[in-house]
Amino acid sequence: MFDGTMMGFPLSIGHLLERGRAIFPDSEVVSRGPDKRTRSQTYEQTYARSEKLARALGRLGVRPGDRIATLSWNHAQHLECYLGIPAMGAVVHTLNIRLPPSELAYITNHAEDVAVVVDRTLLPLFEKFRSELKTVKHILVVRDDGGPIEPPFLDYDALVDAETACPRAVGFTPPEGPFAATVDENQAAMICYTSGTTGNPKGVAYSHRSTILHAMVGSMRDMMGIGCDDVVLPVVPMFHAAAWGLPYMAYLNGAKLVFPGCHLDPESLLDLMVSQRVTLAAGVPTIWNGILAKLDAEPKRWDLSSVRTMIIGGSAAPASMIEGFEKRHGLVVTHAWGMTETNPLGTLARVVQKVRVRGEEAILSARASQGIPAAFVETRHVDDSGQILPWDGAKMGELEVRGPWVTRSYVSGEGTDRFTEDGWFKTGDIVTIDAEGYVRITDRSKDVIKSGGEWISSVALENALMAHPAVLEAAVFAGQHPKWGERPIAAIVWKPGQTAPESELAAHLAERFPKYWLPDHYVVIDQIPRNSTGKFLKSKLRDQYGDVLVAK
Ligand code: AMP
(Lines give C-alpha, C1' and ligand atoms only; values in the text may rest on other atoms or scores of the structure.)
Protein backbone atom coordinates (compact mmCIF):
# COMPACT_ATOMS: atom_id res chain seq x y z
CA MET A 1 0.00 0.00 0.00
CA PHE A 2 1.28 3.47 -0.83
CA ASP A 3 -0.91 6.15 0.75
CA GLY A 4 -1.82 9.41 -0.90
CA THR A 5 -0.49 12.47 0.85
CA MET A 6 -3.71 14.51 0.81
CA MET A 7 -5.48 15.92 3.85
CA GLY A 8 -8.42 14.07 5.32
CA PHE A 9 -10.51 17.24 5.09
CA PRO A 10 -14.14 16.47 5.95
CA LEU A 11 -16.89 17.02 3.38
CA SER A 12 -19.18 18.97 5.65
CA ILE A 13 -22.17 21.26 5.44
CA GLY A 14 -20.30 23.65 7.74
CA HIS A 15 -17.90 24.26 4.88
CA LEU A 16 -20.80 25.29 2.62
CA LEU A 17 -21.68 27.96 5.15
CA GLU A 18 -18.06 29.11 5.49
CA ARG A 19 -17.64 29.21 1.74
CA GLY A 20 -20.88 31.12 1.28
CA ARG A 21 -19.78 33.75 3.80
CA ALA A 22 -16.23 34.08 2.49
CA ILE A 23 -16.74 33.83 -1.27
CA PHE A 24 -20.39 34.68 -2.02
CA PRO A 25 -21.38 37.03 0.84
CA ASP A 26 -23.69 39.07 -1.41
CA SER A 27 -25.51 36.16 -3.06
CA GLU A 28 -29.20 36.35 -2.29
CA VAL A 29 -31.83 34.16 -0.69
CA VAL A 30 -35.32 35.37 -1.62
CA SER A 31 -38.46 34.08 0.11
CA ARG A 32 -42.04 34.73 -0.73
CA GLY A 33 -44.40 34.81 2.25
CA PRO A 34 -48.06 33.86 2.59
CA ASP A 35 -48.95 37.49 1.70
CA LYS A 36 -46.99 37.00 -1.56
CA ARG A 37 -44.48 39.70 -0.59
CA THR A 38 -40.84 38.77 -1.15
CA ARG A 39 -37.98 39.47 1.23
CA SER A 40 -34.31 38.94 0.66
CA GLN A 41 -31.27 38.13 2.76
CA THR A 42 -27.67 37.63 1.70
CA TYR A 43 -25.50 34.56 2.20
CA GLU A 44 -23.55 36.59 4.80
CA GLN A 45 -26.77 37.21 6.71
CA THR A 46 -27.76 33.57 6.22
CA TYR A 47 -24.46 32.55 7.81
CA ALA A 48 -25.01 34.85 10.78
CA ARG A 49 -28.63 33.73 11.23
CA SER A 50 -27.73 30.02 10.93
CA GLU A 51 -24.98 30.49 13.51
CA LYS A 52 -27.33 32.32 15.84
CA LEU A 53 -29.94 29.58 15.38
CA ALA A 54 -27.33 26.98 16.36
CA ARG A 55 -26.36 29.11 19.39
CA ALA A 56 -30.02 29.43 20.44
CA LEU A 57 -30.56 25.67 20.03
CA GLY A 58 -27.41 25.01 22.08
CA ARG A 59 -28.80 27.26 24.80
CA LEU A 60 -31.99 25.17 24.78
CA GLY A 61 -29.86 22.09 25.40
CA VAL A 62 -29.56 20.69 21.85
CA ARG A 63 -26.37 18.65 21.51
CA PRO A 64 -24.55 17.07 18.54
CA GLY A 65 -26.49 14.09 17.22
CA ASP A 66 -29.85 15.43 18.46
CA ARG A 67 -32.65 15.49 15.89
CA ILE A 68 -34.60 18.70 15.19
CA ALA A 69 -37.75 18.43 13.09
CA THR A 70 -39.05 21.05 10.67
CA LEU A 71 -42.67 21.44 9.58
CA SER A 72 -42.25 24.21 7.07
CA TRP A 73 -42.74 25.50 3.56
CA ASN A 74 -39.74 26.49 1.44
CA HIS A 75 -38.26 29.71 2.84
CA ALA A 76 -35.08 31.25 4.26
CA GLN A 77 -35.63 30.00 7.82
CA HIS A 78 -35.98 26.46 6.50
CA LEU A 79 -32.66 26.97 4.70
CA GLU A 80 -31.09 28.16 7.97
CA CYS A 81 -32.23 24.86 9.50
CA TYR A 82 -30.80 22.93 6.53
CA LEU A 83 -27.43 24.62 7.11
CA GLY A 84 -27.15 25.61 10.76
CA ILE A 85 -28.46 22.42 12.38
CA PRO A 86 -26.03 20.03 10.61
CA ALA A 87 -23.17 22.55 10.95
CA MET A 88 -23.52 22.36 14.76
CA GLY A 89 -23.42 18.55 14.52
CA ALA A 90 -27.15 18.04 15.07
CA VAL A 91 -29.53 16.48 12.52
CA VAL A 92 -32.35 18.25 10.68
CA HIS A 93 -35.43 16.07 10.17
CA THR A 94 -37.92 17.36 7.60
CA LEU A 95 -41.58 16.46 8.20
CA ASN A 96 -43.82 16.16 5.16
CA ILE A 97 -46.81 18.45 5.74
CA ARG A 98 -48.97 16.34 3.42
CA LEU A 99 -48.83 13.24 5.65
CA PRO A 100 -51.73 12.40 7.93
CA PRO A 101 -51.22 13.64 11.53
CA SER A 102 -50.97 10.08 12.89
CA GLU A 103 -48.01 9.38 10.58
CA LEU A 104 -46.37 12.69 11.48
CA ALA A 105 -46.61 11.73 15.15
CA TYR A 106 -45.18 8.27 14.40
CA ILE A 107 -42.25 9.73 12.44
CA THR A 108 -41.42 12.42 15.02
CA ASN A 109 -41.46 9.86 17.82
CA HIS A 110 -39.49 7.34 15.77
CA ALA A 111 -36.74 9.90 15.05
CA GLU A 112 -36.86 10.98 18.72
CA ASP A 113 -36.86 14.64 17.72
CA VAL A 114 -36.03 16.92 20.65
CA ALA A 115 -37.33 20.11 19.05
CA VAL A 116 -39.60 21.13 16.19
CA VAL A 117 -39.41 24.23 14.02
CA VAL A 118 -42.89 24.90 12.66
CA ASP A 119 -44.43 27.61 10.48
CA ARG A 120 -47.14 29.61 12.20
CA THR A 121 -49.42 28.93 9.23
CA LEU A 122 -48.92 25.19 9.82
CA LEU A 123 -49.75 25.27 13.55
CA PRO A 124 -53.30 23.97 12.93
CA LEU A 125 -51.74 20.83 11.41
CA PHE A 126 -49.15 20.58 14.17
CA GLU A 127 -51.84 20.86 16.84
CA LYS A 128 -53.46 17.73 15.41
CA PHE A 129 -50.54 15.58 16.58
CA ARG A 130 -48.74 17.65 19.23
CA SER A 131 -50.32 15.76 22.14
CA GLU A 132 -48.93 12.46 20.80
CA LEU A 133 -45.29 13.62 20.78
CA LYS A 134 -43.08 11.85 23.30
CA THR A 135 -39.63 13.39 22.93
CA VAL A 136 -40.13 16.99 21.77
CA LYS A 137 -39.09 19.54 24.41
CA HIS A 138 -39.08 22.78 22.43
CA ILE A 139 -41.32 24.16 19.70
CA LEU A 140 -39.92 27.07 17.71
CA VAL A 141 -42.48 28.87 15.56
CA VAL A 142 -41.58 30.75 12.39
CA ARG A 143 -43.79 33.81 12.17
CA ASP A 144 -44.30 33.36 8.42
CA ASP A 145 -47.60 35.26 8.42
CA GLY A 146 -46.38 37.88 10.93
CA GLY A 147 -48.95 36.86 13.57
CA PRO A 148 -48.30 36.65 17.34
CA ILE A 149 -46.71 33.67 19.09
CA GLU A 150 -47.92 32.62 22.51
CA PRO A 151 -46.25 30.32 25.08
CA PRO A 152 -45.50 27.41 25.16
CA PHE A 153 -44.28 28.18 21.67
CA LEU A 154 -40.95 29.96 21.19
CA ASP A 155 -40.56 32.65 18.56
CA TYR A 156 -37.93 31.40 16.10
CA ASP A 157 -36.91 34.83 14.83
CA ALA A 158 -36.85 36.40 18.30
CA LEU A 159 -34.56 33.58 19.51
CA VAL A 160 -32.24 34.09 16.55
CA ASP A 161 -32.24 37.88 16.92
CA ALA A 162 -31.43 37.66 20.63
CA GLU A 163 -28.12 35.91 19.93
CA THR A 164 -24.86 37.59 18.96
CA ALA A 165 -22.93 36.12 16.06
CA CYS A 166 -19.17 35.67 16.33
CA PRO A 167 -17.27 38.63 14.90
CA ARG A 168 -15.50 37.27 11.82
CA ALA A 169 -12.18 38.19 10.28
CA VAL A 170 -11.69 37.87 6.52
CA GLY A 171 -11.55 34.62 4.59
CA PHE A 172 -11.67 31.12 6.02
CA THR A 173 -10.74 31.97 9.58
CA PRO A 174 -11.34 28.95 11.81
CA PRO A 175 -14.95 29.11 12.97
CA GLU A 176 -15.76 29.88 16.59
CA GLY A 177 -18.94 29.23 18.50
CA PRO A 178 -21.40 26.47 17.61
CA PHE A 179 -19.73 25.66 14.28
CA ALA A 180 -16.25 25.21 15.79
CA ALA A 181 -16.61 21.52 16.65
CA THR A 182 -15.26 19.31 13.88
CA VAL A 183 -18.00 17.31 12.28
CA ASP A 184 -17.17 13.84 11.00
CA GLU A 185 -18.26 13.60 7.37
CA ASN A 186 -20.05 10.31 8.01
CA GLN A 187 -22.24 11.83 10.71
CA ALA A 188 -25.93 12.25 9.87
CA ALA A 189 -26.90 15.71 8.61
CA MET A 190 -30.54 15.15 7.68
CA ILE A 191 -33.23 12.50 8.15
CA CYS A 192 -36.01 12.00 5.59
CA TYR A 193 -38.75 9.39 5.84
CA THR A 194 -40.10 7.44 2.87
CA SER A 195 -43.71 8.05 2.02
CA GLY A 196 -44.60 4.62 3.42
CA THR A 197 -47.32 3.43 1.07
CA THR A 198 -46.62 -0.07 2.37
CA GLY A 199 -46.18 -0.35 6.12
CA ASN A 200 -44.76 2.33 8.35
CA PRO A 201 -42.58 5.09 6.88
CA LYS A 202 -38.87 4.30 7.13
CA GLY A 203 -36.10 6.79 7.91
CA VAL A 204 -33.05 7.47 5.74
CA ALA A 205 -30.20 9.46 7.28
CA TYR A 206 -28.16 11.49 4.77
CA SER A 207 -24.60 12.03 5.96
CA HIS A 208 -22.59 15.24 5.49
CA ARG A 209 -20.43 13.35 3.01
CA SER A 210 -23.34 12.00 0.95
CA THR A 211 -25.00 15.42 0.89
CA ILE A 212 -21.86 17.21 -0.28
CA LEU A 213 -20.92 14.61 -2.91
CA HIS A 214 -24.52 14.68 -4.15
CA ALA A 215 -24.39 18.48 -4.35
CA MET A 216 -21.09 18.42 -6.24
CA VAL A 217 -22.13 15.82 -8.78
CA GLY A 218 -25.69 17.16 -9.08
CA SER A 219 -24.43 20.59 -10.01
CA MET A 220 -22.06 19.29 -12.73
CA ARG A 221 -22.74 20.82 -16.14
CA ASP A 222 -24.21 17.62 -17.53
CA MET A 223 -26.39 17.12 -14.47
CA MET A 224 -28.36 20.13 -13.21
CA GLY A 225 -25.46 22.42 -14.14
CA ILE A 226 -25.69 25.07 -11.43
CA GLY A 227 -23.32 28.06 -11.27
CA CYS A 228 -23.03 31.37 -9.42
CA ASP A 229 -24.98 33.17 -12.16
CA ASP A 230 -28.02 30.92 -11.67
CA VAL A 231 -31.28 31.81 -10.00
CA VAL A 232 -32.64 28.55 -8.58
CA LEU A 233 -36.31 28.06 -7.70
CA PRO A 234 -36.92 24.82 -5.79
CA VAL A 235 -40.67 24.31 -6.18
CA VAL A 236 -40.10 20.77 -4.94
CA PRO A 237 -40.75 21.02 -1.21
CA MET A 238 -37.90 21.14 1.27
CA PHE A 239 -39.97 18.63 3.28
CA HIS A 240 -39.51 15.99 0.58
CA ALA A 241 -36.10 14.41 -0.11
CA ALA A 242 -34.06 17.56 0.69
CA ALA A 243 -35.78 19.44 -2.15
CA TRP A 244 -33.68 17.19 -4.39
CA GLY A 245 -30.54 18.67 -2.82
CA LEU A 246 -31.09 21.96 -4.67
CA PRO A 247 -30.59 24.22 -1.64
CA TYR A 248 -27.17 22.62 -1.09
CA MET A 249 -26.27 22.64 -4.80
CA ALA A 250 -27.18 26.30 -5.10
CA TYR A 251 -25.37 27.23 -1.89
CA LEU A 252 -22.21 25.38 -2.88
CA ASN A 253 -22.05 27.39 -6.08
CA GLY A 254 -23.18 30.79 -4.77
CA ALA A 255 -26.38 30.83 -6.85
CA LYS A 256 -29.34 33.00 -5.92
CA LEU A 257 -32.05 30.94 -4.25
CA VAL A 258 -35.73 31.77 -4.62
CA PHE A 259 -38.22 30.08 -2.26
CA PRO A 260 -41.89 30.09 -3.24
CA GLY A 261 -43.44 29.59 0.23
CA CYS A 262 -46.96 28.22 0.14
CA HIS A 263 -48.19 29.62 -3.20
CA LEU A 264 -47.65 26.80 -5.67
CA ASP A 265 -50.43 27.46 -8.20
CA PRO A 266 -49.27 27.95 -11.81
CA GLU A 267 -49.95 31.67 -11.95
CA SER A 268 -48.10 32.47 -8.70
CA LEU A 269 -45.12 30.39 -9.80
CA LEU A 270 -44.99 31.95 -13.25
CA ASP A 271 -45.15 35.45 -11.73
CA LEU A 272 -42.27 34.55 -9.41
CA MET A 273 -40.20 33.09 -12.25
CA VAL A 274 -40.60 36.32 -14.20
CA SER A 275 -40.03 38.77 -11.32
CA GLN A 276 -36.92 36.97 -10.02
CA ARG A 277 -35.52 36.14 -13.48
CA VAL A 278 -35.32 32.44 -12.50
CA THR A 279 -32.89 30.36 -14.59
CA LEU A 280 -33.61 26.90 -13.16
CA ALA A 281 -36.80 25.68 -11.50
CA ALA A 282 -37.57 22.18 -10.26
CA GLY A 283 -40.75 20.33 -9.35
CA VAL A 284 -43.00 17.32 -9.91
CA PRO A 285 -44.94 16.75 -13.17
CA THR A 286 -48.28 17.88 -11.67
CA ILE A 287 -46.85 21.37 -11.10
CA TRP A 288 -45.47 21.55 -14.63
CA ASN A 289 -48.64 20.13 -16.17
CA GLY A 290 -50.55 23.04 -14.64
CA ILE A 291 -47.95 25.53 -15.80
CA LEU A 292 -48.02 24.15 -19.35
CA ALA A 293 -51.82 24.45 -19.49
CA LYS A 294 -51.56 28.07 -18.25
CA LEU A 295 -48.89 28.94 -20.82
CA ASP A 296 -50.95 27.32 -23.60
CA ALA A 297 -53.96 29.40 -22.55
CA GLU A 298 -52.00 32.68 -22.30
CA PRO A 299 -48.83 32.20 -24.33
CA LYS A 300 -47.70 35.83 -24.35
CA ARG A 301 -48.39 36.76 -20.74
CA TRP A 302 -45.11 35.69 -19.07
CA ASP A 303 -41.59 36.54 -20.24
CA LEU A 304 -39.66 33.38 -19.39
CA SER A 305 -36.57 34.24 -21.43
CA SER A 306 -34.35 33.90 -18.32
CA VAL A 307 -35.31 30.23 -17.80
CA ARG A 308 -32.54 27.84 -18.85
CA THR A 309 -34.24 24.63 -17.79
CA MET A 310 -36.96 23.12 -15.67
CA ILE A 311 -36.04 19.97 -13.80
CA ILE A 312 -38.96 17.54 -13.60
CA GLY A 313 -38.94 14.39 -11.49
CA GLY A 314 -40.64 12.50 -8.68
CA SER A 315 -43.01 10.83 -11.20
CA ALA A 316 -42.69 10.24 -14.92
CA ALA A 317 -42.69 13.38 -17.08
CA PRO A 318 -44.65 12.42 -20.23
CA ALA A 319 -42.86 12.98 -23.55
CA SER A 320 -45.84 15.08 -24.67
CA MET A 321 -45.19 17.51 -21.82
CA ILE A 322 -41.48 17.75 -22.56
CA GLU A 323 -42.25 18.32 -26.24
CA GLY A 324 -45.06 20.78 -25.48
CA PHE A 325 -42.82 23.02 -23.38
CA GLU A 326 -40.09 22.98 -25.98
CA LYS A 327 -42.07 23.29 -29.21
CA ARG A 328 -44.79 25.69 -28.05
CA HIS A 329 -42.86 27.78 -25.52
CA GLY A 330 -39.14 27.28 -26.20
CA LEU A 331 -38.59 25.90 -22.67
CA VAL A 332 -36.18 23.05 -22.01
CA VAL A 333 -37.18 20.28 -19.61
CA THR A 334 -34.64 18.10 -17.82
CA HIS A 335 -36.18 14.85 -16.59
CA ALA A 336 -34.66 13.23 -13.50
CA TRP A 337 -35.29 10.18 -11.33
CA GLY A 338 -34.54 9.68 -7.69
CA MET A 339 -35.75 8.36 -4.36
CA THR A 340 -35.67 9.36 -0.72
CA GLU A 341 -33.19 6.49 -0.36
CA THR A 342 -30.80 8.07 -2.90
CA ASN A 343 -30.34 11.54 -1.36
CA PRO A 344 -32.33 11.72 -3.84
CA LEU A 345 -30.76 12.14 -7.31
CA GLY A 346 -30.09 8.86 -9.14
CA THR A 347 -30.38 9.43 -12.88
CA LEU A 348 -30.87 12.45 -15.12
CA ALA A 349 -31.90 12.56 -18.77
CA ARG A 350 -29.02 14.36 -20.50
CA VAL A 351 -28.50 13.44 -24.14
CA VAL A 352 -25.11 11.85 -24.80
CA GLN A 353 -23.37 12.53 -28.12
CA LYS A 354 -23.97 9.00 -29.39
CA VAL A 355 -27.74 9.56 -29.11
CA ARG A 356 -27.68 13.17 -30.33
CA VAL A 357 -26.34 12.21 -33.74
CA ARG A 358 -29.28 9.84 -34.27
CA GLY A 359 -31.72 12.72 -34.64
CA GLU A 360 -34.86 14.18 -33.14
CA GLU A 361 -36.78 11.02 -32.28
CA ALA A 362 -33.86 9.43 -30.43
CA ILE A 363 -33.21 12.70 -28.60
CA LEU A 364 -36.82 13.00 -27.39
CA SER A 365 -36.84 9.35 -26.36
CA ALA A 366 -33.67 9.91 -24.28
CA ARG A 367 -35.03 13.09 -22.74
CA ALA A 368 -38.31 11.41 -21.80
CA SER A 369 -36.45 8.49 -20.22
CA GLN A 370 -35.44 8.60 -16.56
CA GLY A 371 -31.90 9.17 -17.84
CA ILE A 372 -28.37 8.01 -17.33
CA PRO A 373 -26.94 7.44 -13.86
CA ALA A 374 -25.21 10.30 -12.09
CA ALA A 375 -21.46 9.81 -11.68
CA PHE A 376 -20.83 7.34 -8.84
CA VAL A 377 -24.35 5.91 -8.96
CA GLU A 378 -24.30 2.38 -10.40
CA THR A 379 -27.39 0.75 -11.87
CA ARG A 380 -28.43 -2.77 -12.79
CA HIS A 381 -31.78 -4.52 -13.23
CA VAL A 382 -32.74 -8.06 -12.32
CA ASP A 383 -35.55 -10.48 -13.12
CA ASP A 384 -37.83 -12.25 -10.62
CA SER A 385 -35.15 -14.84 -9.87
CA GLY A 386 -32.46 -12.21 -9.25
CA GLN A 387 -30.69 -12.79 -12.61
CA ILE A 388 -28.96 -9.64 -13.88
CA LEU A 389 -30.52 -8.60 -17.19
CA PRO A 390 -28.77 -7.28 -20.29
CA TRP A 391 -28.81 -3.57 -21.20
CA ASP A 392 -30.90 -4.18 -24.33
CA GLY A 393 -33.64 -1.59 -23.85
CA ALA A 394 -36.26 -4.36 -23.86
CA LYS A 395 -36.03 -6.71 -20.88
CA MET A 396 -37.92 -5.43 -17.85
CA GLY A 397 -36.63 -6.01 -14.35
CA GLU A 398 -36.32 -4.37 -10.95
CA LEU A 399 -33.82 -1.52 -10.80
CA GLU A 400 -31.07 -1.84 -8.21
CA VAL A 401 -28.60 0.94 -7.38
CA ARG A 402 -25.51 1.54 -5.30
CA GLY A 403 -23.26 4.49 -4.67
CA PRO A 404 -21.94 6.95 -2.07
CA TRP A 405 -25.35 8.61 -1.66
CA VAL A 406 -27.48 5.47 -1.73
CA THR A 407 -28.57 4.37 1.74
CA ARG A 408 -27.15 1.08 3.03
CA SER A 409 -29.95 0.65 5.60
CA TYR A 410 -32.92 2.38 7.18
CA VAL A 411 -32.82 4.14 10.54
CA SER A 412 -33.18 1.44 13.27
CA GLY A 413 -32.42 -1.30 10.78
CA GLU A 414 -35.93 -1.78 9.37
CA GLY A 415 -36.63 -2.93 5.81
CA THR A 416 -33.66 -5.29 5.44
CA ASP A 417 -35.44 -7.03 2.52
CA ARG A 418 -34.72 -3.94 0.36
CA PHE A 419 -30.97 -4.64 0.34
CA THR A 420 -29.21 -7.39 -1.58
CA GLU A 421 -26.50 -9.55 -0.11
CA ASP A 422 -23.94 -8.11 -2.52
CA GLY A 423 -24.58 -4.50 -1.45
CA TRP A 424 -27.23 -3.05 -3.78
CA PHE A 425 -30.47 -1.26 -2.91
CA LYS A 426 -33.67 -2.64 -4.49
CA THR A 427 -35.63 0.38 -5.75
CA GLY A 428 -38.98 -1.34 -6.41
CA ASP A 429 -39.05 0.32 -9.84
CA ILE A 430 -39.46 -1.92 -12.89
CA VAL A 431 -37.27 -0.66 -15.72
CA THR A 432 -35.50 -1.35 -18.95
CA ILE A 433 -31.91 -0.19 -19.45
CA ASP A 434 -30.62 0.41 -22.98
CA ALA A 435 -27.15 0.02 -24.44
CA GLU A 436 -26.23 3.64 -23.63
CA GLY A 437 -27.32 3.20 -20.00
CA TYR A 438 -30.65 5.06 -20.26
CA VAL A 439 -33.09 3.83 -17.63
CA ARG A 440 -36.81 3.75 -18.52
CA ILE A 441 -39.31 3.13 -15.77
CA THR A 442 -42.17 0.96 -16.91
CA ASP A 443 -43.82 0.58 -13.52
CA ARG A 444 -43.57 0.57 -9.77
CA SER A 445 -43.28 -3.12 -8.80
CA LYS A 446 -46.48 -2.93 -6.75
CA ASP A 447 -48.34 -1.41 -9.73
CA VAL A 448 -47.27 -3.81 -12.50
CA ILE A 449 -50.00 -5.27 -14.68
CA LYS A 450 -49.46 -8.92 -15.55
CA SER A 451 -51.84 -10.03 -18.26
CA GLY A 452 -51.67 -13.69 -19.29
CA GLY A 453 -48.09 -13.83 -17.97
CA GLU A 454 -46.94 -10.75 -19.91
CA TRP A 455 -46.01 -7.43 -18.32
CA ILE A 456 -47.79 -4.35 -19.57
CA SER A 457 -46.23 -0.98 -18.80
CA SER A 458 -48.82 1.27 -17.18
CA VAL A 459 -46.41 4.21 -17.37
CA ALA A 460 -46.01 3.88 -21.15
CA LEU A 461 -49.80 3.74 -21.59
CA GLU A 462 -50.32 6.75 -19.33
CA ASN A 463 -47.75 8.81 -21.18
CA ALA A 464 -49.39 7.99 -24.50
CA LEU A 465 -52.86 8.81 -23.17
CA MET A 466 -51.60 12.14 -21.82
CA ALA A 467 -50.40 12.97 -25.33
CA HIS A 468 -54.05 12.92 -26.51
CA PRO A 469 -55.25 16.53 -26.87
CA ALA A 470 -58.36 16.04 -24.69
CA VAL A 471 -56.61 14.27 -21.79
CA LEU A 472 -55.25 16.23 -18.85
CA GLU A 473 -54.12 13.23 -16.81
CA ALA A 474 -54.34 9.46 -17.02
CA ALA A 475 -53.53 6.61 -14.64
CA VAL A 476 -53.49 3.01 -15.81
CA PHE A 477 -53.89 0.23 -13.25
CA ALA A 478 -54.59 -3.48 -12.98
CA GLY A 479 -58.16 -4.77 -12.98
CA GLN A 480 -58.80 -8.39 -12.00
CA HIS A 481 -59.77 -10.54 -14.96
CA PRO A 482 -61.24 -14.07 -14.85
CA LYS A 483 -59.22 -15.27 -17.86
CA TRP A 484 -56.05 -13.15 -18.02
CA GLY A 485 -55.46 -12.62 -14.29
CA GLU A 486 -55.11 -8.88 -14.78
CA ARG A 487 -56.02 -6.42 -17.53
CA PRO A 488 -55.31 -2.69 -17.78
CA ILE A 489 -57.98 -0.14 -16.85
CA ALA A 490 -57.42 3.55 -17.63
CA ALA A 491 -58.66 6.36 -15.38
CA ILE A 492 -58.97 9.58 -17.37
CA VAL A 493 -59.21 13.22 -16.33
CA TRP A 494 -60.35 15.42 -19.21
CA LYS A 495 -58.97 18.90 -19.90
CA PRO A 496 -61.55 21.56 -18.95
CA GLY A 497 -64.40 21.56 -21.49
CA GLN A 498 -63.05 18.61 -23.51
CA THR A 499 -63.87 14.92 -23.97
CA ALA A 500 -63.33 12.19 -26.57
CA PRO A 501 -65.08 8.88 -27.22
CA GLU A 502 -63.47 5.75 -25.77
CA SER A 503 -62.97 4.39 -29.28
CA GLU A 504 -60.81 7.41 -30.13
CA LEU A 505 -58.56 6.83 -27.12
CA ALA A 506 -58.28 3.14 -28.06
CA ALA A 507 -57.37 4.05 -31.64
CA HIS A 508 -54.80 6.56 -30.35
CA LEU A 509 -53.15 3.82 -28.29
CA ALA A 510 -53.46 1.18 -31.02
CA GLU A 511 -51.04 3.24 -33.15
CA ARG A 512 -48.32 2.73 -30.56
CA PHE A 513 -48.90 -0.53 -28.68
CA PRO A 514 -49.74 -4.19 -29.33
CA LYS A 515 -53.43 -4.98 -29.09
CA TYR A 516 -53.14 -6.91 -25.82
CA TRP A 517 -51.78 -3.75 -24.12
CA LEU A 518 -54.95 -1.70 -24.78
CA PRO A 519 -57.10 -1.03 -21.68
CA ASP A 520 -60.22 -3.17 -21.36
CA HIS A 521 -62.05 -0.39 -19.65
CA TYR A 522 -61.97 3.41 -19.18
CA VAL A 523 -63.25 5.34 -16.17
CA VAL A 524 -63.61 9.10 -16.21
CA ILE A 525 -62.81 10.80 -12.90
CA ASP A 526 -62.33 14.41 -11.69
CA GLN A 527 -58.93 13.88 -10.13
CA ILE A 528 -56.34 11.13 -9.93
CA PRO A 529 -55.86 10.20 -6.25
CA ARG A 530 -52.35 11.07 -5.04
CA ASN A 531 -50.14 10.22 -2.07
CA SER A 532 -48.34 12.70 0.20
CA THR A 533 -45.56 13.28 -2.32
CA GLY A 534 -47.84 13.85 -5.30
CA LYS A 535 -47.51 10.39 -6.87
CA PHE A 536 -50.52 8.58 -8.34
CA LEU A 537 -52.14 6.39 -5.69
CA LYS A 538 -53.11 3.46 -7.88
CA SER A 539 -53.97 1.26 -4.89
CA LYS A 540 -56.98 3.51 -4.36
CA LEU A 541 -58.04 3.14 -8.00
CA ARG A 542 -57.61 -0.64 -7.75
CA ASP A 543 -59.74 -0.70 -4.59
CA GLN A 544 -62.45 1.33 -6.26
CA TYR A 545 -62.51 -0.01 -9.81
CA GLY A 546 -60.33 -3.16 -9.75
CA ASP A 547 -63.26 -5.59 -9.99
CA VAL A 548 -65.27 -3.91 -12.76
CA LEU A 549 -64.02 -6.42 -15.35
CA VAL A 550 -65.14 -9.37 -13.22
CA ALA A 551 -68.60 -7.86 -12.98
CA LYS A 552 -68.70 -7.00 -16.68
P1 AMP B 1 -39.79 9.12 -3.12
O2 AMP B 1 -38.88 8.34 -2.28
O3 AMP B 1 -41.05 9.53 -2.43
O4 AMP B 1 -39.10 10.28 -3.73
O5 AMP B 1 -40.28 8.20 -4.32
C6 AMP B 1 -39.37 7.57 -5.19
C7 AMP B 1 -40.11 6.93 -6.33
O8 AMP B 1 -40.71 7.92 -7.16
C9 AMP B 1 -39.23 6.16 -7.28
O10 AMP B 1 -38.92 4.89 -6.78
C11 AMP B 1 -40.10 6.12 -8.53
O12 AMP B 1 -41.08 5.12 -8.45
C13 AMP B 1 -40.77 7.46 -8.50
N14 AMP B 1 -40.05 8.42 -9.38
C15 AMP B 1 -39.17 9.36 -9.04
N16 AMP B 1 -38.75 10.04 -10.14
C17 AMP B 1 -39.39 9.50 -11.20
C18 AMP B 1 -39.38 9.74 -12.61
N19 AMP B 1 -38.65 10.70 -13.15
N20 AMP B 1 -40.14 8.95 -13.39
C21 AMP B 1 -40.90 7.97 -12.86
N22 AMP B 1 -40.97 7.70 -11.56
C23 AMP B 1 -40.21 8.46 -10.72
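Let me start at the ligand: strand 14 contributes 4 residues to the shell around it, the most of any element. Helices and strands here are DSSP runs, numbered from the N terminus, with H or I and at least four residues for a helix, and E and at least two for a strand.

A quick word on what we're looking at. This is a predicted model, where local features need pLDDT of at least 70 and side-chain atom pairs count only at pLDDT 80 or more, while totals for chains, interfaces and linings use all residues. Residues are numbered from 1 along each chain as its sequence is written, and side-chain values use heavy atoms, with hydrogens and water left out.

Back to the ligand, then. It is surrounded by 17 residues, and the closest are Ala 336, Thr 340, Gln 370, Asp 429 and Arg 444; a residue is near the ligand if one of its heavy atoms lies within 4 Å of it. By type, the shell divides into 5 nonpolar, 9 polar and 3 charged residues. For that split, Ala, Val, Leu, Ile, Met, Phe, Trp, Tyr, Cys and Pro count as nonpolar, Asp, Glu, Lys and Arg as charged, and the others, Gly among them, as polar.

Which atoms of the ligand sit 2.8 Å from a polar side-chain atom of Gln 370 and 3.2 Å from one in Lys 535? For Gln 370 the partner is a nitrogen atom of the ligand, and for the side-chain N or O atom of Lys 535 the partner is an oxygen atom of the ligand. The protein covers 92% of the 500 Å² of accessible area that the ligand has on its own, with areas from the Shrake-Rupley method and a 1.4 Å probe; for residues, only the protein chains shown count as cover. Strand 14 (333-338) and strand 20 (439-444) are the elements that give two or more residues to the shell.

Now let's step back to the whole chain, which has 17 helices and 25 strands. Its C-alpha atoms fill a box of roughly 70 × 60 × 50 Å along the principal axes. The radius of gyration is 24 Å, which agrees with the value near 24 Å for a compact globule of 552 residues; that radius is taken over C-alpha atoms, and the globule rule is 2.2 Å times the number of residues to the power 0.38. Of the 552 residues, 57% count as buried. Buried means under 20% relative accessible area, exposed over 50%, and partly exposed in between, with a 1.4 Å probe and protein chains only.

On to the sheets. There is an open one of 7 strands in the order 7-6-5-3-4-8-9, with mixed pairing. Why does one side of strand 7 (154-155) and of strand 9 (203-207) lack a neighbour? Both stand at the edges with a single partner strand each, so one side of each is left free in the sheet. Further in, strand 3 (residues 67-71) and strand 4 (residues 91-94) run parallel, joined by 4 bridges; strands pair if DSSP finds at least two bridges between them. Ala 69 stands opposite His 93 in strand 4.

Strand 23 (residues 471-481) is mostly covered, with 9 of its 11 residues buried. Strand 23 pairs with strand 24 (residues 485-494) in the antiparallel sense over 10 bridges, and the two form a hairpin with 3 residues between them. His 481 has Gly 485 of strand 24 as its bridge partner.

Last stop: Ser 458, in helix 14 (residues 458-466). Ser 458 counts as buried, at 0% relative accessibility, and its side chain makes a 2.9 Å polar contact with the side chain of Lys 538. A polar contact is a pair of N or O atoms within 3.5 Å; within protein, one must be able to donate a hydrogen and the other to accept it, and residues adjacent in sequence count only if both atoms are side-chain atoms.
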